[in-house]
Amino acid sequence: MTRMAMQSILLNSGEFRTLPNDSSLTAMLAKNLQIVQVGYELLDSGEGVKTKQTIYAIDEEIIHDESDLIYTRPFSTMSALEQTRSTACPTCRQRRIIKDKWAECLVCQRRGL
Ligand SMILES: [Zn+2]
């Protein structure tokens, strides 16, 4: 999915008063380990001028279904409640939501670090 496609989904969800501009969206996507860049799409911006649009996707190595989202989310994107429930992963030292029976965070489990 391109950033333009993302913007239109965010806009249509109606949950945001203001949408992130293109450069802040780029920064957010770059910082989030749940997202990977999978390639480029050439977009015709008129008069035969083509611009390269990055295509983003969910990192399927660490996220297998929707319920995995909360366990892989970066601390900076957690809600206040999630932040209080988070603990530092003994393997990667990142603060994440970790189930009691887990020895490390879901990202470390999936990546086999
Ligand atoms: Zn970890």
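## A predicted chain, starting from Leu 33

Leu 33 sits in the loop between helix H2 (22-31) and E1. Helices here are DSSP runs of H or I with at least four residues, strands are DSSP runs of E with at least two, and both are numbered from the N terminus. Keep in mind that this is a predicted model: local features need pLDDT of at least 70, side-chain atom pairs count only at pLDDT 80 or more, and totals for chains, interfaces and linings use all residues. Residue numbers start from 1 along each chain as its sequence is written.

Back to Leu 33: it is partly exposed, with 14 other C-beta atoms within 10 Å. For the cut-offs, a residue is buried if 20 or more other C-beta atoms lie within 10 Å of its own, exposed if 12 or fewer, and partly exposed in between, with C-beta atoms placed from the backbone. If you skip neighbours within four places in sequence, Leu 33 is in contact with Asp 59, Pro 74 and Val 107. Contact means that the C-beta atoms of two residues, placed from the backbone, lie within 7 Å. Leu 33 and Ile 62 are 29 residues apart along the chain, and their C-alpha atoms are separated by 9.1 Å.

**The whole chain**

Overall you get 5 helices and 4 strands, and from the N terminus they run α-α-β-β-α-α-β-β-α. The radius of gyration is 17 Å, well over the 13 Å that the globule rule gives for 113 residues, so the chain is more spread out than a compact globule. That radius is taken over C-alpha atoms, and the rule is 2.2 Å times the number of residues to the power 0.38. Along the principal axes, the C-alpha atoms fill a box of roughly 60 × 35 × 20 Å. Buried residues come to 9% of the 113 in the chain. Of the contacts between residues at least 6 apart in sequence, 34% join residues at least 24 apart.

The chain is split into domain 1 (3-58) and domain 2 (66-111), with bounds that come from an automatic or database domain assignment. The C-alpha centres of the two domains lie 26 Å apart.

**Helix H1 and the E1/E2 hairpin**

Helix H1 (residues 3-13) has 11 residues and the number buried is 0, so it lies largely in the open. Gly 14 follows H1 and has a positive phi, near 70 degrees.

Strand E1 (residues 35-44) has a buried count of 0 out of 10 residues, so it too lies largely in the open. E1 pairs with strand E2 (residues 50-58) in the antiparallel sense over 9 bridges; strands count as paired if DSSP finds at least two bridges between them. Looking along the hairpin, Gln 37 stands opposite Tyr 56 in E2, while Leu 43 has Thr 51 of E2 as its bridge partner. There are 5 residues between the strands, and Gly 46 takes a positive phi near 100 degrees.

**Two loop residues with positive phi**

Most residues other than glycine have a negative phi. Glu 47 and Arg 93 each have a positive one, although neither is a glycine.

| Residue | Phi | Loop | C-beta atoms within 10 Å |
|---|---|---|---|
| Glu 47 | about 55 degrees | between E1 and E2 | 5, exposed |
| Arg 93 | near 70 degrees | between strand E3 (87-88) and strand E4 (95-96) | 8, exposed |

Arg 93 and Cys 105 are 12 residues apart in sequence and 9.3 Å apart in space, C-alpha to C-alpha.

**The nonpolar core**

Which residues form the largest nonpolar core? There are 5 of them: Cys 89, Ile 98, Cys 105, Leu 106 and Val 107. Such a core is a set of buried Ala, Val, Leu, Ile, Met, Phe, Trp, Tyr and Cys residues joined through C-beta atoms within 7 Å. Leaving out residues up to four places away in sequence, Cys 89 touches Gln 94, Arg 96, Ile 98, Glu 104, Cys 105 and Cys 108. Val 107, listed in this core, is also one of the contacts of Leu 33.
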